[in-house]
Amino acid sequence: MGGAIAAEIYLSYHAPQRLNLPFYNVLYPYVMFRPIESYSYETNETFAMSHFRSRAYVYTNEDGFRIPSPHYKLPKEKPPGQLRIAFLGGSLVELASTFDTALPGSLKRILLDRYRGRDIEVINAGIQSCVSRQSVAQLLFTVVDYHPDIVIIYDGGNDLGLPLTYESRANFPYNFQTMQEAWDLYRQERQQSLWRLALERSNLYRLVRARLHPDERKMTPTADAPFAGTNALAASRIIADRNYVGSHVAAYLSNWQRLIELSAAYHYQPVCVLTPTGGFAPEYAVPELMKSSHLDRETALQWLRALEMLFNEASRQIAEMRGAYPDAVFIDLARFLDPPEKYFWGGHIYDEANMVLAQRIYRDIRPLVERSLREVR
């Protein structure tokens, strides 16, 4: 008994500090979370997205959509003759130093310059850390109220990357497993016997159980391994299981199918874009992963291999979707930005790179834009 107590004290003292996982949004019905509504924030510091040259200016309207200025008017009722485009997605849509340098703002600048004198609005409905299932819910419960003519879903990074970080289950949101564990712990404290509760919280018990049942071992996020989530899969497991890769990607792209099929009911033109990734260039991605996710070189290479398999399968299934949905626009940008060190900071895009992406997207949706402009006159 004395030895067990001593071991428990030792393990508790040397246990890695649990990570305080970041959460940037507010909880909200149906979509789970969205950006803070009617928000104005101007930073004093600069950020990597602008090469540390610009402060960040963030303003949102009453629905959490990012807008150019605090008093910018974005009425739900679309003015006559206006073309409205809505962008759905995660932080790659929402984030940049300013509205104008984010991807939706960059596209808006291109369109206003190309079609001078026309009334064009591009809505930034991005939600930091969201997956595509949340974007579809955001569309149904918020975005359609603004009557967009074109809806662009720009995603893939979170859906395909979460299995390696926080969540291996397709279409489950970022950090959802952590919330489940918090709820389970709350219930356990009120339902379990005291001896069982004490056992579950014992570092010694967890260590012994992990050794006896290695297949049941879960990875708890700590300050030393911030991206080893409780329900993540090892890269080696993903690489070895092609059935998992295929089914996970199919579940992700089922949200594109929903977006396309809903377009008939809500009268918009659907555009589906697979985001670019710098993960195919080991000379760039391996050092980034080793630094940001505290991985050794071999594990970082395995992560890249797993991500490449997921993105390759997504590209293959997207090619098949083009035949099934000939009226929708599909854009595969997975390998578009190269070399990655010119365009990426970590897993995100520099401000000026959003303009490069916007020009590429405009090239593919130009016929759609011009047809829509004729229809809204």
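# Reasoning through a predicted model

Student: How many salt bridges does the count come to?
Tutor: The count comes to 14 salt bridges by the rule used here. Keep in mind that this is a predicted model.

Student: Why can side chains of opposite charge pair?
Tutor: They can pair when their charged atoms come close.

Student: What makes Glu 313 and Arg 316 a salt bridge?
Tutor: The rule asks for a side-chain nitrogen of Lys or Arg within 4 Å of a carboxyl oxygen of Asp or Glu. Here the closest N and O atoms are 2.7 Å apart, so the pair meets the cut-off of 4 Å.

Student: Where do Glu 313 and Arg 316 lie?
Tutor: Both belong to helix 12, residues 297–324. They are three residues apart, about one turn of the helix.

Student: Is Glu 313 called buried or exposed, and why?
Tutor: Buried means under 20% relative accessible area. Glu 313 has 15%, so it counts as buried. Its partner Arg 316 has 41%, and because that value falls between the 20% and 50% limits, Arg 316 is called partly exposed.

Student: What makes Arg 360 and Asp 364 a salt bridge?
Tutor: Their closest N and O atoms are 2.9 Å apart, so they fall within the limit of 4 Å. The two residues are four apart in helix 14 (residues 351–375), and therefore about one helical turn separates them.

Student: Which terms describe the accessibility of Arg 360 and of Asp 364?
Tutor: Arg 360 has a relative accessible area of 15%, so it is buried. Asp 364 has 26%, so it is partly exposed.

Student: How do you know that Arg 366 forms a salt bridge with Glu 370?
Tutor: The closest N and O atoms of this pair are 2.9 Å apart, and the rule accepts them because it asks for a distance within 4 Å. Arg 366 and Glu 370 are also four residues apart in helix 14, so about one helical turn lies between them. Arg 366, at 34%, is partly exposed, and Glu 370, at 23%, is partly exposed too.

Student: Which residues are linked in a network of salt bridges?
Tutor: That network links Arg 34, Glu 37, Asp 63 and Lys 76.

Student: Let's turn to the surface. Which residues form a nonpolar patch there?
Tutor: Met 1, Ile 5 and Ile 9 do, and together they have about 380 Å² of accessible area.

Student: Why is Ile 9 called exposed?
Tutor: Exposed means over 50% relative accessible area. Ile 9 has 57%, so it counts as exposed. A patch residue needs over 30%, so the 57% of Ile 9 passes that limit as well. Ile 9 lies in helix 1, residues 2–14.

Student: And inside, how many cavities of 30 Å³ or more does the structure hold?
Tutor: It holds three. The largest has a volume of about 50 Å³, and the second largest about 40 Å³.

Student: Which classes make up the lining of the largest cavity?
Tutor: Six residues of that lining are nonpolar, three are polar and none is charged. Among the lining residues are Met 49, Leu 92, Trp 345 and His 348. Helix 2 (91–94) and strand 11 (348–349) each supply at least two residues of this lining.

Student: What about the classes in the lining of the second largest cavity?
Tutor: There the lining has eight nonpolar, one polar and two charged residues. Arg 66 and Glu 121 are among the residues that line it, and they count as charged because Arg and Glu belong to that class.

Student: Now the backbone. What is notable about phi of Tyr 30?
Tutor: Phi of Tyr 30 is near 75 degrees, a positive value in a residue other than glycine. Tyr 30 sits in the loop between strand 1 (26–28) and strand 2 (32–34). With a relative accessible area of 65%, Tyr 30 is exposed.

Student: What is phi of Ser 38, and why is Ser 38 called exposed?
Tutor: Phi of Ser 38 is near 50 degrees, again a positive value in a residue other than glycine. Ser 38 has 55% relative accessibility, so it counts as exposed. Its place is the loop between strand 2 and strand 3 (40–46).

Student: Which peptide bond is cis, with omega near 5 degrees?
Tutor: That is the bond from Asp 338 to Pro 339. Pro 339 is in the loop between strand 9 (329–332) and helix 13 (340–343).

How values were computed:
Residues numbered from 1 in each chain as written. Predicted model: local features only at pLDDT ≥ 70, side-chain atom pairs only at ≥ 80, totals over all residues. Heavy atoms only, no water. 1 Å grid on protein atoms, 1.4 Å probe; cavity = no way out; pocket = protein on both sides within 12 Å on 5 of 7 lines; lining within 4 Å. Points joined across faces, edges and corners; volume = space filled by probe spheres on them. Patch = residues over 30% accessible without salt bridge, like charges linked within 9 Å, V, L, I, M, F, W, Y side chains within 5 Å. Areas by Shrake-Rupley, 256 points an atom, 1.4 Å probe, with all protein chains shown as cover. Buried < 20%, exposed > 50% of the residue type's maximum accessible area, 1.4 Å probe, protein only.
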